[in-house]
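User: I should like to understand how the terms used to describe a protein structure are justified. Could we take the terms in turn and set each value against its definition?

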Amino acid sequence: MNHDSYDDDYIRGILNGVKSIAMVGASPVNVRPSYFAFKYLAQRGYDMIPVNPGHVGKSLLGKPFVASLRDIDRPVDMVDIFRNSSNIMPAVDEALKMTPLPKVIWMQLGARDDAAAEKAEAAGMKVVMNRCPKIEYGRLSSEISWMGVNSRTLSSKRAPMPTQGMRLSLGRTSLSGGATAAADRAAKNRTDPS
Amino acid sequence: MTDRDPGFSTLAVHAGAQPDPTTGARATPIYQTTSYVFNDADHAASLFGLQSFGNIYTRIGNPTQAVLEERVAALEGGTAALATASGHAAQVVVFQMLLKPGDEFIAARKLYGGSINQFTHAFKSFGWNVAWADPDDLDSFERAVTPRTKAIFIESIANPGGTITDIEAIAAVARKAGVPLIVDNTLATPYLIRPIDHGADIVVHSLTKFLGGHGNSLGGIIVDAGTFDWSKDNKYPMLSQPRPEYHGIKIQETFGNFAFAIACRVLGLRDLGPAISPFNSFLILTGIETLPLRMQKHCENAKAIAEWLVAHPAVAAVNYAGLSGDKYNNLARKYAPRGAGAVFTFSLKGGYDAGVELVSRLKLFSHLANIGDTRSLVIHPASTTHSQLDDAAKIKSGAAPDLVRLSIGIEDKEDLIADLDQALRPGS
């Protein structure tokens, strides 16, 4: 599995397939990226579970915080890890102990741990690293185009009516990888300076 | 299905545009509106807090403008773009994002005269100091680097001389200095040169020229390559530090590889105000659909006319990088294999007076201060676009007093040559 760039179909398949997402490192502080992403994904219909031991007893947009993945009482399709690269492995180890096993491990923009990815993939999970699910959802629905962002998709079909934000569209043709070549190369050079 | 990359011409027609969800309109509608209703208070708060994608007010963004932005970002191979009222406005927004009073940037000496003025005078009053370097002497860029250097600025094809800049060599200097390389790609357009492929971190354009292409609308654009790491060394606090006006959001951390474009929008454009009009966005978008066809014709005509001028007895010299034997021909072959653009200069044996005489005798070429129109244009830079420079600076910038600048249009080249021929014929 190449984790430097992902085919849109891979990302689209994940975002279409999962229904419940546990967000490790979710913050109740409304200027943190994890808060943005949590709220955005909740508004688009995902069953969101905030995981953060520092906020047990509180809730995030009506969803009670749990201290760890172990404390979740229902099946989770995806674990979205909002932690630094150095804190990924413990979260993946915990995810591996869940039953049923989550289908997807997603590491947030800026986070990458290839060893943890390998471990999760060996257990049959799909892995996405160094991406934001909010940005990817926005890009694949073309909603992010409202901000002048290059969605790297084309379509000659009428766009869906935006309601509470755009909905994920399957009818768009993706350019290769949905990635922007120069930006991806730069990101790779940062993680692998050789 | 395997993802595949469409070609440049397909992107020029389709990127960013989609049939309108409400009406099915296939052409991009002109959203001539100042503002946009919110669903509810929470939606409004989300938009203002940068938590949702969407429209608030046309000074910050507009749906017609957004299509233009995505299209140019796609053509340049960038992650995102921000359109502005003019190319000059784009430059102000870019530098305001990067520089604080007392900071410096390095700029190539060979630049559009308007940029030289902006950098020398207007920027000075903001405390942003320009250090000039010579694109013909690459070491001069390295020598100009100081601890206060925050960016390097060049033109891919320089105005007015049509000279080609060695983008990769200067990108290497920028990388070593840990600063972004900004490339003004106005004269080349992404059809001829894609600076991001050669190491540019930010690309700016005057959309007014070849991209819009019809001489009818002002516009500018900033393209984010998504390549620069703004978080390093706290050198660019606008991007790396919490923004008090957005309750402490850090722009780079939140928006990743399109953070620069977002910062230019939600800080630069919002606060400085040079928004592009929706109608201009529409006209420029329409122009971009035919960019590949126009650039082919512009370049074909320019080469034919440059070759004709070389052979003319009244002509002293022609400076066109597309001519074999030109000083910049090797760079043109490397960076712009599809053509060396359509703006170049030449000088007459009769000097300054003969140049002035030529301009007054032309019947098809229009004498005006613009380039990149469907129409062929002529100007005498030393007395107009570069008139505020002293003689030494004129020569260094490629606008010596005896030079005439042409911007070749897409008319029939035989008619353009006939016009130049009658204007150059003595005593007729």
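Analyst: We begin with a definition: axes are lines fitted to C-alpha atoms, for helices over the stretch in contact, and angles run from 0 to 180 degrees between N-to-C directions. The model discussed here is predicted. In chain B, helix α13(B) and helix α17 (residues 413-424) have axes 10 Å apart and pack at an angle of about 30°.

User: Why is α13(B) called roughly parallel to α17(B)?

Analyst: Angles under 35 degrees count as roughly parallel. The angle between α13(B) and α17(B) is about 30°, and therefore α13(B) is roughly parallel to α17(B). The crossing of these two helices is right-handed.

User: Which residues of α13(B) and α17(B) meet, and how do they divide by class?

Analyst: From α13(B), the residues are Glu300(B), Asn301(B), Ala304(B), Ile305(B), Trp308(B) and Leu309(B). They meet Lys413(B), Leu416(B), Ile417(B), Leu420(B), Asp421(B) and Leu424(B) of α17(B). By class, this contact has 8 nonpolar, 1 polar and 3 charged residues.

User: What makes α4(B) oblique to α5(B)?

Analyst: Helix α4 (residues 87-98) and helix α5 (residues 113-125) of chain B have axes that come within 11 Å and cross at roughly 45°. Roughly parallel requires an angle under 35 degrees, and roughly perpendicular one of 65 to 115. An angle of roughly 45° fits neither range, so α4(B) is oblique to α5(B). The crossing of α4(B) and α5(B) is right-handed.

User: Which residues form the contact of α4(B) with α5(B)?

Analyst: His88(B), Gln91(B), Val92(B) and Phe95(B) in α4(B) meet Gly114(B), Ser115(B), Gln118(B), Phe119(B) and Phe123(B) in α5(B). Of these residues, 4 are nonpolar, 5 are polar and none is charged. Glycine is counted among the polar residues in this division.

User: Where do α12(B) and α13(B) meet?

Analyst: Helix α12 (residues 278-289) and helix α13 (residues 291-310) of chain B have axes that come within 5 Å and cross at roughly 65°. Gly287(B), Ile288(B) and Glu289(B) in α12(B) meet Leu291(B), Pro292(B) and Arg294(B) in α13(B). This contact comprises 3 nonpolar, 1 polar and 2 charged residues.

User: How do you know that domain 1 and domain 2 of chain B are in contact?

Analyst: The domain assignment of chain B gives domain 1 as 28-287 and domain 2 as 291-424. Contact means heavy atoms within 4.5 Å, and 37 residues of domain 1 are in contact with 41 residues of domain 2. The two domains bury about 3300 Å² between them, 61% of it on carbon and sulfur atoms. Pro160(B), Tyr191(B) and Phe210(B) supply 25% of the area that domain 1 buries against domain 2, more than any other three residues. The centres of the two domains, taken over C-alpha atoms, are separated by 28 Å.

User: What is notable about the peptide bond before Pro160(B)?

Analyst: A cis peptide bond joins Asn159(B) and Pro160(B), with omega about 10°. Pro160(B) lies in the loop between β5 (157-158) and β6 (163-164) of chain B. In chain A, a cis peptide bond joins Thr99(A) and Pro100(A), with omega about -10°. Pro100(A) lies in the loop between α3 (88-96) and β6 (104-107) of that chain.

User: Why are such bonds, and a positive phi, worth pointing out?

Analyst: They are pointed out because most peptide bonds are trans, and most residues other than glycine have a negative phi. Arg152(A) is not a glycine, yet its phi is positive, at about 55°. Arg152(A) lies in the loop between α5 (133-140) and β8 (153-154) of chain A.

Notes: Residues are numbered from 1 along each chain as its sequence is written. Chains are lettered from A and ligands numbered from 1 in the order in which they are written. This is a predicted model: local features need pLDDT of at least 70, side-chain atom pairs count only at pLDDT 80 or more; totals for chains, interfaces and linings use all residues. Side-chain values use heavy atoms; hydrogens and water are left out. Helices (H or I, at least four residues) and strands (E, at least two) are DSSP runs, numbered from the N terminus. Angles under 35 degrees count as roughly parallel, over 145 as roughly antiparallel, 65 to 115 as roughly perpendicular and the rest as oblique. A crossing is left-handed if the near helix is turned anticlockwise from the far one by less than a right angle, and right-handed if clockwise. Domain bounds come from an automatic or database domain assignment. Buried area is the accessible area (1.4 Å probe) that two parts lose on being put together, summed over both.
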